[in-house]
Amino acid sequence: MEVKIYREPENEALILDEVQLAEYNDLALELGFTTQENAKEQNVPNIYVSLNNAMEKQLKAVCPVKVDAEHYSKSTIPLEVLKVYKFAKDNKMFDGFHIWYNDVDPDPMLIGWNWRSESDKEKNYTWCVNRFLIARWGDCSLELPELLELGFQKMKQELTDKAQSAIDKCNAVISNPDLHVRKILSNTMDSDISLNINSSGTIY
C-alpha cells in the first residue's frame, strides 16, 4: 500500500521547524496579516492543498462517497495517515474531516474542511465550507495533477456513456414513434432521455 501526503512543499517546514514557524508568525503579525497563531486557536498553519470548485468535482469523480473520518471502515487507514490526521486534529487545523472513497476502486482520500464564516457555522450551511486535500492511500501514489486528470477522464467517460445512451434512446423513438407514444400513454415508458450526470450519485 502506498501513501501520498499533499502538503504545499514551500511551506512544509512551518509545521516541522519551530524557529521558522515563530518567524512566520512574527513577520505576518508585523505586516498586519491574520496568522494561525491568533486565528481559531490553531497552533500551526494549514499547509495542505486547498481545493477549488473544479478540483473538488474532479476528486469527487474519483471518490464519490463521503463519510466522517471517524466512521470510515471500508479499509485499514495506514499509520502514516493516522499520524497526519492526529497532528491536524490536535493542532485544530480544520473544523472537520471526511474520507472520500469509491466502493468499486478504493484508494480513499482524507479531506479537511473549515467553515467559511461563523454565520455559515451557526446556520449549519454544510455547502459553505473550504476543503483541503490532506492524504490519499491505496495501490498507487499519484501527484495532484495526475489525480485531477484521473477525475477528468472519469467525468468525460461518464458523460460520453450517458450521451451515447441518450442517442440510442432517441434513435429507438425515431424508428418506432407510435410504440413510444403508446408507452407514454400507458405509463410504461422505461426512462426519460437525459444527459443529467448526477444519476450515478456522483456530485458534479
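Student: Which residues of α3 are buried?

Tutor: This is a predicted model, so let's read helix α3 from its coordinates as modelled. The buried ones cover an arc of only 100° around the axis, which puts them on the same side of α3. Those residues are V81, V84, Y85 and A88.

Student: And on the other side of α3, which residues are exposed?

Tutor: Exposed here takes a relative accessible area over 50%. On that other side of α3, the residues that pass are L79, K83 and K86.

Student: What do the buried residues of α3 pack against?

Tutor: Start from the buried set, V81, V84, Y85 and A88. Their partners are strands, one of them spanning residues 2-5. The full list is β1, β4, β5 and β6.

Student: How far apart are the end C-alpha atoms of α3?

Tutor: Helix α3 covers residues 79-90, which is twelve residues. At 1.5 Å a residue they should span 16 Å, and the model agrees with that. The end C-alpha atoms are apart by 16 Å.

Student: What phi does K92 take?

Tutor: K92 comes just after α3. Its phi is positive, at about 55°.

Student: Let's go to the strands. How many residues of β5 are buried?

Tutor: Take β5 one face at a time. M109, I111, W113 and W115 on one side are buried, and so are L110, G112 and N114 on the other. For residues 109-115, then, the count of buried ones is seven of seven.

Student: Which residue stands opposite G112?

Tutor: G112 sits in β5, and β5 is joined to β4 (residues 96-101) by five bridges. Those two strands run antiparallel. Opposite G112 stands F97.

Student: How many bridges join β5 to β6?

Tutor: Strand β6 takes in residues 129-138 and runs antiparallel to β5. W115 stands opposite V129 in that strand. The number of bridges joining β5 to β6 is seven.

Student: Now the helices α2 and α5: at what angle do their axes cross?

Tutor: Helix α2 is residues 53-62 and α5 is residues 144-175, and their axes come within 7 Å. The crossing makes α2 roughly perpendicular to α5. Residues that meet there include M55 and L59 in α2 and L147 and F152 in α5. The crossing angle is roughly 70°.

Student: How far apart are the end C-alpha atoms of α5?

Tutor: Run the helix arithmetic on its 32 residues. At 1.5 Å a residue, they should span 46 Å, and the model agrees. The end C-alpha atoms are apart by 47 Å.

Student: What covers the buried residues of α5?

Tutor: The buried residues in α5 are L144, L147, L148, G151, E158, K162 and A166. One of the elements over them is the strand at residues 49-51. The cover includes β2, α2, β5 and β6.

Student: Is E2 buried, exposed or partly exposed, and what is its relative accessible area?

Tutor: E2 has its place in strand β1. Buried means under 20% and exposed over 50%, and E2 falls in between, so it is partly exposed. Its relative accessible area is 39%.

Student: Which residues does E2 touch, beyond those up to four places away in sequence?

Tutor: Look well along the chain for these contacts. They are R136, W137, G138, D139, C140 and S141.

Student: Finally, what percentage of the protein chain counts as buried?

Tutor: The chain has six helices and six strands. Out of its 204 residues, the share that counts as buried is 38%.

How values were computed:
Residues numbered from 1 in each chain as written. Predicted model: local features only at pLDDT ≥ 70, side-chain atom pairs only at ≥ 80, totals over all residues. Heavy atoms only, no water. Buried < 20%, exposed > 50% of the residue type's maximum accessible area, 1.4 Å probe, protein only. Helix = DSSP H or I, 4+ residues; strand = E, 2+ residues; numbered from the N terminus. Pairing = 2+ DSSP bridges. Expected span 1.5 Å × (residues − 1). Arc of directions from axis to C-beta. Contact = heavy atoms within 4.5 Å. Axes fitted to C-alpha atoms, helices over the stretch in contact; angles between N-to-C directions. Parallel < 35°, antiparallel > 145°, perpendicular 65-115°, else oblique.
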